[in-house]
Amino acid sequence: MNILILIAGVLSLVAFFAHAFVGDKEYKALKPTESCPDKSRETWVQVRSGWHWVSVDLFLSGVLLLLLATTEIIKAKTEILLLLSIYFLFCGVIWLGTVVFSRTNNKQIIVLGQWIFCFLMSGLIYFGGQQNV
């Protein structure tokens with residue numbers, strides 16, 4: 001059993017539940033009223049759909065990581081873990097870059113700190129993958 005990959009899998013599933021249920025509850029509060037322009041309501045639906053796309057990514061990543069950590073079902077562990085590590089690294093870089101270039105104050109870099117989660121996941125997966133070699 002690979003403890004680092006197991007931790008990453010559990011973190012991903014915890015993030016999924018927070019994202020899908022707590023985050024969606026917050027999103028519902030931002031729903032535009034019927035008197036808002038059609039474009040505003042369309043944008044809200046599109047952004048909410050994208051929100052749940054991330055939820056799916058977190059869920060499937062968590063399940064895959066748990067399988068990789070606890071079973072021998074998948075043989076290409078090293079390759080898949082490297083790809084997942086790169087995926088989370090890129091997500092973190094893009095998130096941080098977007099926040100830095102879009103922020104209205106420096107506090108947002110920490111408040112909107114999902115990049116920290118992405119870098120943590122990338123590191124756990126990368127170093128966990130090194131244990132498989």
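In the predicted model, Gly-97 is partly exposed, with a relative accessibility of 21%. This value places Gly-97 in the intermediate class because the term buried is reserved for residues under 20% relative accessible area, and exposed for those over 50%. Gly-97 is located in helix α3. Its separation from Asn-2 amounts to 95 residues in sequence and to 32 Å in space, taken from C-alpha to C-alpha.

Two serine residues were examined in the same way. Ser-55 belongs to helix α2 and is buried, its relative accessible area being 2%. When neighbours within four places in sequence are set aside, the contacts of Ser-55 are with Phe-16, His-19 and Ala-20. Ser-122 lies in helix α5 and is likewise classed as buried, at 8% relative accessibility. With neighbours within four places in sequence again excluded, Ser-122 touches Ser-85, Phe-88 and Leu-89.

Phe-88 is also a member of the largest nonpolar core of the model, which comprises 11 residues. The other members are Ile-5, Ala-8, Leu-65, Leu-68, Ala-69, Leu-81, Leu-84, Met-121, Leu-124 and Ile-125. At least two residues of this core come from each of four helices, namely α1 (3-28), α2 (38-70), α3 (77-102) and α5 (114-131). Ile-5 illustrates how positions distributed along the sequence are brought into contact. Apart from neighbours within four places in sequence, Ile-5 is in contact with Leu-65, Leu-68, Ala-69, Leu-81, Leu-124 and Ile-125, and additionally with Gly-128 and Gly-129.

The packing of α2 and α3 was then considered. Two packed helices are described by the angle between their axes and by the distance between those axes. For α2 and α3, the axes come within 11 Å and cross at roughly 150°. The two helices are therefore roughly antiparallel, since angles over 145 degrees fall into that class. The crossing in which α2 passes α3 is left-handed. By class, the contact of α2 with α3 consists of 8 nonpolar, 1 polar and 2 charged residues. On the side of α2, the participating residues are Asp-57, Ser-61, Leu-64, Leu-65 and Leu-68. These meet Lys-77, Ile-80, Leu-81, Leu-84, Tyr-87 and Phe-88 of α3. Several of these contact residues, including Leu-65, Leu-68, Leu-81, Leu-84 and Phe-88, also belong to the largest nonpolar core.

Notes: Residues are numbered from 1 along each chain as its sequence is written. This is a predicted model: local features need pLDDT of at least 70, side-chain atom pairs count only at pLDDT 80 or more; totals for chains, interfaces and linings use all residues. Side-chain values use heavy atoms; hydrogens and water are left out. A nonpolar core is a set of buried Ala, Val, Leu, Ile, Met, Phe, Trp, Tyr and Cys residues joined through side-chain atoms within 4.5 Å. Buried means under 20% relative accessible area, exposed over 50%, partly exposed in between (1.4 Å probe, protein chains only). Contact means heavy atoms within 4.5 Å. Axes are lines fitted to C-alpha atoms, for helices over the stretch in contact, and angles run from 0 to 180 degrees between N-to-C directions. Angles under 35 degrees count as roughly parallel, over 145 as roughly antiparallel, 65 to 115 as roughly perpendicular and the rest as oblique. A crossing is left-handed if the near helix is turned anticlockwise from the far one by less than a right angle, and right-handed if clockwise. Ala, Val, Leu, Ile, Met, Phe, Trp, Tyr, Cys and Pro count as nonpolar, Asp, Glu, Lys and Arg as charged, and the others, Gly among them, as polar.
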